[in-house]
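Open the model in your viewer and keep the selection tool at hand. This tour goes stop by stop.

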Amino acid sequence: MTDLSVNLNAVALLRNRRDLPWPSVTGLGRIALEAGASGLTVHPRPDERHTRRSDLPELKALIASEFPDREFNIEGYPTGDFLTLVEEIAPHQVTLVPDDPGQATSDHGWDFVAQKDRLASIVARLKQSGARVSLFADPTPIGIDAAHATGTDRIELYTGPYGATWGDDGAAAREVERLGETADAAHALGLGVNAGHDLTVANLPALVARIPKLAEVSIGHGLTADALTYGMAETVRRFRRACGQDA
C-alpha cells in the first residue's frame, strides 16, 4: 500500500498572499490527517514564500499530539541553516533536494555520482538525529548505486516529466516505465522508493500499478487544486483511493 503525504506548500502560498492567518496551514493539515492522510510534507524555502519556519513547530505538535501514528516530512536543500532547522524540529523523514533557492519548484534530482561524498556526510548527520533520509532522484537507473552508497534510506522519484504527459497516453506509458525501471534498481539495492511532483488522481493508479512497492507519494499542487472543488477531506479520500487504499 502506498502512503499519501499531503504537501502543504500551496496552502501556505495562498495564505501568504495576505498577512492573515487563513487559510490555516495547520488547520488544513488537520483535516487532511482526519481524512486518512499518512503524513504531512513541507518545503520551507529560505525566502519563506510558502511554508514558514514558524509553521513547523505547529505542524510537528499537531502530529505528535493528535496523530502520533502519522509522519512529518521536511524537504529542502541541505544548507547549514536547513540542517540545523530539521535537527531542531526532528521530523520523521527529511527529503533532500538539489534546488537553487530561487527555483519555483523542484525540477531535477541529484547527480549522485558527483555528489556522493557530500551527500554521504549529510545523510550520516541526519541519521544521527533519528530521521529517515530520502534523496530526490531523476527517473533513470543511472547513479542509483551511488545513491545507495550515500547511506540514504530511500530515494524520491521526480515524477514531473510523467505529470507533463497528461493527454498523451503513449508518452505517459514510457515515463511510467522509466520510473518503474528506476524503482526496480533502487529496490534491488534495498532502498525504499517514494515519488512526487505533478501527481494527480488520474495518473497515480498507473504509477502504483507499475511500482507496487512504492512506499509514499508526496502531493501538493494537484491535491490543493482539487481541494478547491471537492474540499480537503474528500480530496484526500480521492487521492487515497488512487493510491490503492480503501478510503
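**Stop 1: Thr26 and its helix**

Select Thr26, which is buried because its relative accessible area is 12%. This is a predicted model. Thr26 sits in helix H2. Which residues does Thr26 contact, leaving aside its neighbours within four places in sequence? Show Glu58, Leu59 and Leu62; Thr26 is in contact with these three.

**Stop 2: H2 against H3**

Now select helix H3, residues 55-66. The axes of H2 and H3 are 10 Å apart, and the two helices pack at an angle of about 35 degrees. Their crossing is right-handed. To see the contact, show Val25, Thr26, Gly29, Arg30 and Leu33 on the H2 side. On the H3 side, show Glu58, Leu59, Leu62, Ile63 and Glu66. Colour them by class: the contact of H2 with H3 has five nonpolar, two polar and three charged residues.

**Stop 3: H2 against H11**

Keep H2 (residues 25-34) on screen and add helix H11 (residues 232-242). Their axes come within 8 Å and cross at roughly 45 degrees. That angle makes H2 oblique to H11. H2 passes H11 in a right-handed crossing. In H2, pick Leu28, Ile31 and Ala32; in H11, they meet Met232, Ala233 and Val236. The class colouring here gives six nonpolar residues, no polar ones and no charged ones in the contact of H2 with H11.

**Stop 4: the bond before H2**

Select Trp22 and Pro23. A cis peptide bond joins Trp22 and Pro23, with omega about -5 degrees. Most peptide bonds are trans. Where is Pro23 found? Look in the loop between helix H1 (9-15) and H2.

**Stop 5: aromatic pairs**

Next, show the aromatic side chains. How many aromatic pairs does the structure hold? There are two aromatic pairs. A pair of rings is described by the distance of the centres and the angle of the planes.

Start with Tyr77 and Trp110. This pair is stacked, at 6.1 Å centre to centre with 20 degrees between the planes. Tyr77 lies in the loop between strand E3 (71-76) and helix H4 (80-89), and Trp110 in the loop between strand E4 (93-96) and helix H5 (112-128), so the pair ties together parts that are 33 residues apart in sequence. Is each ring's residue buried or partly exposed? Tyr77 counts as partly exposed because its relative accessibility is 30%. Trp110 counts as buried because its relative accessibility is 6%.

Move on to Phe136 and Tyr158. These form a tilted pair, 5.6 Å centre to centre and 55 degrees between the planes. Phe136 is in strand E5 (residues 132-137) and Tyr158 in strand E6 (residues 154-158), so the pair ties together parts that are 22 residues apart in sequence. Phe136 and Tyr158 are both buried.

**Stop 6: positive phi**

Finish with the backbone. Most residues other than glycine have a negative phi.

Select Glu48. Its phi is positive, about 55 degrees, although Glu48 is not a glycine. Glu48 is found in the loop between strand E2 (39-42) and H3. With a relative accessible area of 29%, Glu48 is partly exposed.

Then select Asp198. Phi of Asp198 is also positive, near 60 degrees, in a residue other than glycine. Asp198 lies in the loop between strand E7 (192-196) and helix H9 (204-210). Asp198 counts as partly exposed, at 40% relative accessibility.

Terms used
Residues are numbered from 1 along each chain as its sequence is written. This is a predicted model: local features need pLDDT of at least 70, side-chain atom pairs count only at pLDDT 80 or more; totals for chains, interfaces and linings use all residues. Side-chain values use heavy atoms; hydrogens and water are left out. Axes are lines fitted to C-alpha atoms, for helices over the stretch in contact, and angles run from 0 to 180 degrees between N-to-C directions. Helices (H or I, at least four residues) and strands (E, at least two) are DSSP runs, numbered from the N terminus. Angles under 35 degrees count as roughly parallel, over 145 as roughly antiparallel, 65 to 115 as roughly perpendicular and the rest as oblique. A crossing is left-handed if the near helix is turned anticlockwise from the far one by less than a right angle, and right-handed if clockwise. Contact means heavy atoms within 4.5 Å. Ala, Val, Leu, Ile, Met, Phe, Trp, Tyr, Cys and Pro count as nonpolar, Asp, Glu, Lys and Arg as charged, and the others, Gly among them, as polar. Rings of Phe, Tyr and Trp (its six-membered ring) pair if their centres lie within 6.5 Å; planes under 30 degrees apart count as stacked, over 60 as edge-to-face and the rest as tilted. Buried means under 20% relative accessible area, exposed over 50%, partly exposed in between (1.4 Å probe, protein chains only).
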